[in-house]
Every structure is written in C-alpha cells, then in structure tokens.
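Okay, thanks for coming, everyone. I'll put the structure up and walk you through a few spots in it.

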Amino acid sequence: MPLTRFISFRHNHLLQSDVQTDSLFGTDWARPLYVTGAFVLIRGEKESDRSAVHALNVSAFKTSAEADLVDALREQATPVVSLVAERSGAVVGHILFSPVTLEGNPGLKIMGLAPMAVIPKYQRNGIGSALVRAGLEQCKQLGASAVVVLGHPEYYPRFGFAPSTRFGIRSEYNVPEEVFMAMELEPGSLRGTSGTVKYHAVFSTV
Ligand SMILES: CC(C)(COP(=O)(O)OP(=O)(O)OC[C@H]1O[C@@H](n2cnc3c(N)ncnc32)[C@H](O)[C@@H]1OP(=O)(O)O)[C@@H](O)C(=O)NCCC(=O)NCCS
C-alpha cells in the first residue's frame, strides 16, 4: 500500500484517503459518510479522475465553464488543493482551492475556494460539506492563513465563513456583500487587513 494511503477504523467505520495522512486523524470532517448504501471516501484528486471531475462539474453546473476552469487552474495555478468524493468507485464530488492575492498584503497566503460540485443525484447528503471541511484542512496544511469564497451565503457560514467586509476585504467582482466570504485558518490573520482580493488570472479567461 502506498505511503499516502491509509485506512482508519475511526468510529468503527472505514475511512480511506489519499490526501496527506497523519494529520487527518482527529479532525472534525473525518467522519464516516454513508450515502444511499455506500461509504463516501474523500481523497486527493488523481490524474485518472480528471475526465470524471470534468463530467461531474458539467452535470452540476449545466455548463462546461466551471469544468474548463478546473482544468485551467490545475495547469496554471500553484499550489492547488483538489479533492474528490468517491462512492463505490465513482467520483461524485469535487472541490478546488487556488491561491488568491490580497492587494497590499503580498505576504499573506490566502486560498480561494472555487469551484465545488456534487453530482445532482447525490446532493444534500453531506458530500459537499465533507469536501469543504477536508479542503480547509488541506489548505491549513499548506500553510494558508485564510480562505475566501464567492458563493451561496446560506451555505458557507456553517463552515466558519463570514462576509469578507467583516475583515475589511472585498471582492474584485461587483457582487452583493454577503456572497463574498472569508474565513481565517490562523486566528487573527486577517486582522487589520483591507483591500481587494484577486483570483488567479485564469478566472477571467475561462
Ligand atoms: C453546492 C453543492 C456543492 C453542495 O453540495 P451538497 O453535497 O449538496 O452539500 P451538503 O449536502 O453538504 O449540504 C447541503 C446544503 O447545501 C445547501 N445548498 C445546496 N445548494 C444550495 C444553493 N444553491 N443555495 C443555497 N444553499 C444550497 C442546501 O440547502 C443544504 O442545506 P441544508 O443542509 O440546510 O438542507 C451542490 O449543491 C452543487 O453541486 N450545486 C451545484 C453547483 C454549485 O452551485 N456549486 C457551488 C458554487 S459556489
């Protein structure tokens, strides 16, 4: 078994992952997830997952824009956190984080969550939440001090995101305040900051 794979019988259930290993024990997201008769595994994306990831993004967003964005970010952004949810050998969910910059704060390592998707058939079963929690943990492992997301204001606060204006930072896009959110991974990391967050250039080309 490769070093990066492990099996844990935490909570008497099987949990397996390809993402960085030891540190995952004891984390909140690492709970067994059982969806319509099968366990769901959250793991790092592999090269062989790419076409399935593309297809699931198309099926969730009903357009290929986000799927193409994932492909472009994988090629052009560094580092990315790209995780999949696997159920019975099939990829049913995906999440990607890529670096963003906060103007005037070049030393701050901030990741942007985008995009994420779960195959429509398996939505509302906790798969998206497990991907977010695992992804945040991975961003922390990479040394990111904060994460931003532009998305549903009813969904992301449950993970600890709050409107970015609370931290004095704003989106480069002209969007309602409540849809652009931020979360500190390192407490206090956004204290005293201000300015505009910019996503990777790929976001404006795809
Ligand atoms: C958003 C998404 C990834 C969530 O995945 P999921 O596996 O269904 O998420 P979970 O089961 O962990 O959580 C479900 C919750 O998400 C909420 N949710 C899902 N889509 C939502 C939306 N468009 N607006 C607001 N809330 C939404 C549900 O209301 C549900 O809340 P509840 O638990 O209070 O009932 C999935 O719905 C999806 O792929 N949507 C289409 C693509 C998309 O919009 N991606 C996000 C871009 S910001």
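Let's start with Val149 and who it touches. If you skip its neighbours within four places in sequence, Val149 is in contact with Gly112, Leu113, Ala114, Tyr156, Phe161 and Met181. Bear in mind that this is a predicted model. Val149 itself lies in strand β8, residues 146-150. So is Val149 buried or exposed? It counts as buried, because it has 23 C-beta neighbours inside 10 Å, and 20 or more is what it takes. One more distance here: Val149 and Pro115 are 34 residues apart along the chain, and their C-alpha atoms are separated by 9.1 Å.

Okay, over to the ligand. Which residues come nearest? Of the 17 around the ligand, those are Gln123, Gly128, Ser129, Gly151 and His152. As for elements, α1 (50-61), β7 (110-118) and α3 (127-141) each supply at least two residues of the shell, and β7 gives the most, with 4 residues. By class, you've got 8 nonpolar, 7 polar and 2 charged residues in that shell.

Now, α1 has a helix partner too. It packs with α2, residues 65-76, at an angle of about 150 degrees, and the axes are 7 Å apart. The crossing of the two is right-handed. On the α1 side, the contact is made by Val53, His54, Asn57, Val58 and Phe61, and α2 brings in Ala65, Glu66, Ala67, Val70 and Asp71. Split by class, that contact has 6 nonpolar, 2 polar and 2 charged residues.

That's my tour, happy to go back to any of it.

How values were computed. Residues numbered from 1 in each chain as written. Predicted model: local features only at pLDDT ≥ 70, side-chain atom pairs only at ≥ 80, totals over all residues. Near = placed C-beta within 6 Å. Nonpolar A, V, L, I, M, F, W, Y, C, P; charged D, E, K, R; others polar. Axes fitted to C-alpha atoms, helices over the stretch in contact; angles between N-to-C directions. Left-handed = near helix turned anticlockwise from the far one by under 90°. Contact = placed C-beta atoms within 7 Å. Buried ≥ 20, exposed ≤ 12 C-beta atoms within 10 Å, placed from the backbone.
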